[in-house]
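Trainee: Could we go through this one together? I'd like to know what stands behind the labels.
Mentor: Sure, have a look first.

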2 protein chains.
Amino acid sequence: MVNESKSFREICQENGIAVTHQRQVLYEVMKSMHGHPSPEEVYARVKKKVPAISLATVYKNIHLFVESGVFRKMSMHHGSVRVEMNDEPHHHMVCSKCSAITDIGEKELGLVPKRNRLADGFLVERYSVDVIGVCAKCQMAST
Amino acid sequence: MVNESKSFREICQENGIAVTHQRQVLYEVMKSMHGHPSPEEVYARVKKKVPAISLATVYKNIHLFVESGVFRKMSMHHGSVRVEMNDEPHHHMVCSKCSAITDIGEKELGLVPKRNRLADGFLVERYSVDVIGVCAKCQMAST
DNA sequence: CTTCTTGCAAACCCTTTGCATCCTG
DNA sequence: CAGGATGCAAAGGGTTTGCAAGAAG
C-alpha cells in the first residue's frame, strides 16, 4: 500500500502531473480491473470511493494516463475508448456475433512476424492482432 | 456497366433487398473509392449524383451492405464506422503519431498464423493485423 | 396495393469544453 | 499564493430513430 502510493507519486512526478485524490483512486481502481473497461465502467467503480467525482474528470485522467504511457489504449472494436488492463503481451479474439473481446497470450497465438521496417518506410513499434471468429458461447447458441 | 448493374441487382435479390436508385448509386460510389472512407465522405460523393439523398440513408445502407456481406467493416482506429474497400487480403499499418491507416498486403506482411480453433473453443474466421508504428511522414516531421 | 425505402428532424450516446471553484506544490 | 485540477452543465461529433411521404415489387 505504501509501495503503491509511492509508485503512483513517482509516476506523477515523472510526468509532471499533480497527485490528487481523484487521480490516485482512479489509478488504483483501474489497476484492479481486468479486460477492457469503458470509461463509464471505471467511473462507476471510482464513484463508490469518491462519490462526488465527475465523468469529465475520469475522461480527462484516462487521457492523461494514456498520454503518459501509464495505460495503453487498445484498438477499439467497442464503440468507446477502452484501456488495456493486461500487462502481458497479448492479442485479442473478437467474436463476430456478439462482439465480445477476449485476450489471448502472444505465445499462445503463436505468430512469427518481427520485422521493424515495412513498405514506405513505416517504422514498426508493435503488432496488434485481432482474431475474428465466433466465441464458444455463440457457437452454442447457433446450434 | 450493364454488368455492374446486373451484379448489383443480383446482390440485392440474394439478400432480399429492393433495388433503389440511391442504393445503386451508393454501391457504385463505394466500389469506386479506396482506403477506408467515412460515412460522411461517402455521403459527400453520393450527393454529387443524388443531391437529395440524406445522411441517414447512407448510414442505413452502409449497415445493410455490411450485414449482407457486400462490404466489410474494418476494425476501427478511426473514431467512426469505416468500410473496407480493398478486396485483396490485407492488413493495416497504423501510425501512432497521426493515426493514418495504410493497407499492407497479406503476403508483404508475411505472417504465418493459421489455426482455426483457439483457447476456449474460439472458432477462427480470419486474422486482422494492425501494425502499430510511425509512418514515413511523421518520421520526417520529428527529425 | 402492400411493403420497403427515403428524407427530415429530433433524439441519443459518448466525449469534450468552458468556467468558476478548489486544491496541490 | 499561482497554476493546475475538479465538477458541473452545456456543447459537440457521430450515429440512430420515428414518422409521413414516396418508390419498388
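**Core and strands**

Mentor: Keep in mind that this is a predicted model. Its largest nonpolar core counts 28 residues, and A:V131 and B:V131 have the most contacts inside it. β3 (90-95) and β5 (123-134) of chain A, along with β3 and β6 of chain B, each give at least two residues to this core. β6(B) supplies the largest share, six residues.

Trainee: What is A:V131 in contact with, beyond its neighbours within four places in sequence?
Mentor: In chain A, A:H92, A:M93, A:V94 and A:L109. From chain B come B:L118, B:F122, B:V124, B:R126 and B:Y127. Contact here means heavy atoms within 4.5 Å.

Trainee: Why is strand β3 of chain B called mostly covered?
Mentor: Buried means under 20% relative accessible area, and six of the six residues in 90-95 are buried. B:H90, B:H92 and B:V94 lie on one side, B:H91, B:M93 and B:C95 on the other, so with all of them under that cut-off both faces count as covered.

Trainee: What makes β3(B) and β4(B) a pair?
Mentor: Pairing takes at least two bridges; these antiparallel strands have five, so they qualify. B:M93 sits opposite B:T102 there. Five residues separate the strands in the hairpin, where B:S99 has a positive phi near 65 degrees.

Trainee: And how do you know that β3(B) pairs with β6(B)?
Mentor: Against that same minimum of two, they share four bridges, in the parallel sense, so they pair too. B:M93 has B:V131 as its bridge partner in β6(B).

Key:
Residues are numbered from 1 along each chain as its sequence is written. Chains are lettered from A and ligands numbered from 1 in the order in which they are written. This is a predicted model: local features need pLDDT of at least 70, side-chain atom pairs count only at pLDDT 80 or more; totals for chains, interfaces and linings use all residues. Side-chain values use heavy atoms; hydrogens and water are left out. Buried means under 20% relative accessible area, exposed over 50%, partly exposed in between (1.4 Å probe, protein chains only). A nonpolar core is a set of buried Ala, Val, Leu, Ile, Met, Phe, Trp, Tyr and Cys residues joined through side-chain atoms within 4.5 Å.
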